Structures are given as C-alpha cells and as structure tokens.
Amino acid sequence: MTLSLAQALAEFEPDLPLTVAFSGGADSSALLLACCRKWPGQVDAVHIHHGLQKAADQFEQHAKDVCQQLGVALKVCRVDGRHHAGQSPEDAARVARYDAFARVAQQRRKAGSRMVVALAHHAQDQVETLLLALSRGAGLPGLSAMGSSFEKDGLVYYRPFLQVSQAEIRQWLDEQGLAFVEDPSNADQRFTRNRIRARVMPALEACFPGYLQTFSRSARHAAQAQALLDDLAAQDLLVLGVPPKLKALKALSPLRQSNVLRHWLKTCHRVLPSAAQMDELLRQIQACNTRGHQVDIRVGQGYCRRLGTVLDWYNS
C-alpha cells in the first residue's frame with residue numbers, strides 16, 4: 001500500500017531547521033504546508049526561478065505570496081536552466097537546481113547555520129524514474145530509482161512523500177484550501193517524462209492497479225542489492241589498496257573486478273564508466289600479464305592507466 005500523507009509525515013523526522021524546495025506546485029505546496037504545521041517556526045523555503053518560460057515570474061510571485069501567508073522565510077534563486085548540446089532539458093534544470101541549493105547552503109554555513117532540504121517527489125515520480133532507467137538499460141543504481149534520502153555537495157536531502165500517491169497529495173491539499181500553480185510545461189509531451197506520465201502511466205494503472213506499490217518495491221529491492229554490492233566493493237578495495245594493485249585485482253572474478261573498479265572510480269574520482277568502457281578496461285587488465293603490458297583507456301574526463309604494479313586514474 002502507498003502511505004497517506006499524514007502517515008508519511010509522521011515517519012519523517014529530519015534534523016531541524018528544515019528547508020523545503022518550493023516550486024509553488026501542488027506537491028511542494030502540500031509538503032511546505034504540512035511541514036510548517038508539524039514544525040512551526042522551524043521551516044523555510046527555497047524557490048528556483050529557472051528562467052525558461054514566461055510563467056516563471058508568476059511562479060515566483062505565487063511562491064512569495066504563499067510563504068507570506070504561511071509566515072515562512074523564502075529565498076529565491078535565479079538560475080540559467082538552459083541545456084547544452086548532449087544534455088536533456090530535464091537534466092540541465094536538475095543540475096541548475098542542485099547547484100543553487102549548494103550555493104544557498106554555502107552561504108548559510110558562512111553564517112554559522114546548516115541546511116537540510118526536503119523534496120516533494122511522490123510515488124508516481126518514483127515509478128517514472130524507474131521506467132526511464134529501464135528504457136536506458138540501466139544497472140542496479142538506476143533501477144534503484146530515487147532514495148528516500150541522499151547526500152550531495154555536503155547537503156542532506158529527504159523525500160518524505162516517496163510512498164505517497166499524487167492523488168492523495170492533491171486530495172489533502174484541496175481539503176486545506178491552499179492555492180497552487182500548474183506548470184504548463186508538464187503537459188509538453190516533447191519531454192520523455194511527460195510522455196510517460198500521459199501515455200504509459202494510465203496504461204499501467206489499467207493493467208496493474210497496484211503498480212505504484214509493486215514497482216516501487218522493485219526499486220527498493222534493487223537499492224538493497226546495490227547496497228550489498230557496495231559493501232562487498234568496499235571490502236575488496238581494502239585488500240586491493242588505493243590505487244588498486246593489479247595482481248590482487250586479477251585474482252578476483254571478472255564480476256568482482258567490475259564491481260570494485262566502479263566503486264573505486266566513483267568514490268575516489270567521481271567517475272562513472274560506461275558499460276563499454278568497463279568491458280574494455282577489464283579486457284586490458286586480463287591481458288596485462290607482463291611488465292610490458294599497458295592499461296590505457298579513457299574513462300570520464302580522464303584515463304585509467306597502469307603505473308608499475310597498480311592501476312590509477314588520471315585527469316586529462
């Protein structure tokens with residue numbers, strides 16, 4: 001079963017004070033109102049102005065009006081949400097948002113305060129994220145979809161509504177009588193997520209009425225499996241050393257080699273190799289039988305190369 005909004009909020013116990021990412025839409029409006037009622041005087045809001053559509057100024061004014069009505073301090077961040085070549089509009093906007101939150105947090109740290117952020121993603125958002133990952137042939141990290149909490153740029157983020165349906169959120173908000181805005185871009189089916197929302201989700205609801213629960217449960221299973229792989233990789237890396245020793249690395253099975261190398265590149269260098277890059281890296285490692293054999297492959301913005309008895313990564 002999905003949770004009611006009240007159940008989700010009862011289970012949500014973040015460090016305070018709490019900052020709500022407030023777009024002015026229904027989901028973030030419900031989150032802001034519910035949090036204000038649970039922790040009066042300990043909640044503020046950040047509104048991101050992406051500058052991508054004419055209605056953005058109206059969204060900002062609405063956010064200001066609602067926060068004034070609720071007695072909540074509001075910080076407005078104006079960002080350049082335009083995407084670049086090879087980047088989707090959704091990804092560009094998401095990166096811009098997280099960069100803005102990081103800047104606000106840095107300003108607050110200088111003033112001697114910390115920042116914890118609540119995001120209003122709900123159960124439908126979780127399933128959409130899982131379907132996008134499936135469409136891209138993602139591995140366990142992608143199939144894990146969104147976590148209920150995560151850290152990024154030194155900030156802790158929470159998603160308390162991840163097991164709450166959008167219908168439940170809308171019904172609760174209607175009962176409270178708080179106004180919200182509708183983003184017209186959400187109906188633009190040029191965006192993949194919007195096509196999934198408009199075409200795929202109704203079909204899933206018709207064929208599998210319990211899909212919100214079962215698909216989300218699959219994402220949690222994937223996240224648990226990935227957590228176990230991360231634990232194994234951390235243990236293997238303790239044995240291999242940093243940077244990893246080639247002889248010890250070659251003693252592992254190919255699957256464990258791949259697992260520990262991904263973990264090493266991600267945790268030590270913030271690099272995520274593609275499947276093709278990992279396959280080639282494993283091939284070169286397997287062929288590395290004498291001192292003369294080299295490992296040299298581009299991964300991310302740098303290169304994995306053999307340096308004597310170890311494998312290392314160098315920024316280009």
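**Entry 1: helix α9**

I started with Y211 and F215, which both sit in helix α9 (residues 211-240), four residues apart, about one turn of the helix. This is a predicted model, so I kept to what its coordinates say. I looked up how buried Y211 is and found a relative accessible area of 3%, so Y211 counts as buried.

From F215 I also took a C-alpha to C-alpha distance to G137: 16 Å in space, with the two positions 78 residues apart in sequence. G137 itself belongs to the loop between α5 (123-135) and α6 (140-143). With a relative accessible area of 60%, G137 is exposed.

**Entry 2: aromatic rings**

Next I searched the whole structure for aromatic pairs and got seven. One of them is Y98 with Y157, edge-to-face, at 5.2 Å centre to centre and 90° between the planes. I checked where the two partners lie: Y98 is in helix α4 (residues 89-110) and Y157 in strand β6 (residues 155-158), 59 residues apart, so the pair links distant parts of the chain. Both rings turned out to be buried: Y98 has a relative accessible area of 11%, and Y157 has 1%.

Back in α9, the rings of Y211 and F215 have centres 6.0 Å apart and planes at 90°, so I noted that pair as edge-to-face too.

I then asked myself which residues form one aromatic cluster. They are Y98, F101, F150 and Y157.

Two charged side chains lie over ring faces. K152 is over the face of Y98, 5.6 Å from the ring centre. R305 is over the face of Y303, 4.5 Å from the ring centre.

**Entry 3: cores**

I moved on to the nonpolar cores. The largest has 32 residues, and L32, C35 and F161 have the most contacts inside it. At least two residues of this core come from each of α1 (5-11), β1 (18-21), α2 (26-38), β2 (43-49), α3 (56-70), β4 (116-118) and α7 (166-176). Helix α2 gives the largest share, eight residues.

What does C35 touch, leaving aside residues up to four places away in sequence? I listed L9, F12, L18, V20 and V43. There is also a second, separate core of 21 residues, which includes V260, L281, I297 and V299. As background, nonpolar side chains in soluble globular proteins tend to be buried together.

**Entry 4: cysteines**

I counted disulfides and found zero. Why is C77 not bonded to C67? The sulfur of C67 is the closest cysteine sulfur to that of C77, but the two are 12 Å apart, too far for a bond, since a disulfide needs the sulfurs within 2.5 Å. C77 is buried, at 9% relative accessibility.

I did the same check on C268. The closest cysteine sulfur there is in C304, at 11 Å, which is again too far for a bond. C268 is partly exposed, at 36% relative accessibility.

**Entry 5: backbone oddities**

I went looking for cis peptide bonds. One joins L16 and P17, with omega about 5°; P17 is in the loop between α1 and β1. Another joins V242 and P243, with omega about 0°. P243 is in the loop between α9 and α10 (246-250), so I had come back to the neighbourhood of a helix already in these notes.

Then I checked phi. D153 has a positive value near 55° though it is a residue other than glycine. D153 is in the loop between β5 (149-152) and β6, and is it buried or partly exposed? At a relative accessible area of 43%, D153 is partly exposed. R270 is not a glycine either, yet its phi is positive, about 55°. R270 lies in the loop between α11 (254-269) and α12 (275-286), and with a relative accessible area of 77% R270 is exposed.

**Entry 6: the whole protein**

I closed with overall numbers. The protein has twelve helices and nine strands. Its C-alpha atoms fill a box of roughly 75 × 50 × 40 Å along the principal axes. Of the 316 residues, 42% are buried. I also looked at contacts between residues at least 6 apart in sequence: 64% of them join residues at least 24 apart. The accessible surface is about 17,100 Å², and carbon and sulfur atoms account for 53% of that.

Methods: Residues are numbered from 1 along each chain as its sequence is written. This is a predicted model: local features need pLDDT of at least 70, side-chain atom pairs count only at pLDDT 80 or more; totals for chains, interfaces and linings use all residues. Side-chain values use heavy atoms; hydrogens and water are left out. A nonpolar core is a set of buried Ala, Val, Leu, Ile, Met, Phe, Trp, Tyr and Cys residues joined through side-chain atoms within 4.5 Å. Buried means under 20% relative accessible area, exposed over 50%, partly exposed in between (1.4 Å probe, protein chains only). Contact means heavy atoms within 4.5 Å. Rings of Phe, Tyr and Trp (its six-membered ring) pair if their centres lie within 6.5 Å; planes under 30 degrees apart count as stacked, over 60 as edge-to-face and the rest as tilted. A charge sits over a ring if NZ of Lys or CZ of Arg is within 6 Å of the ring centre and within 35 degrees of the ring normal. Accessible areas come from the Shrake-Rupley method with a 1.4 Å probe; for residues, only the protein chains shown count as cover.
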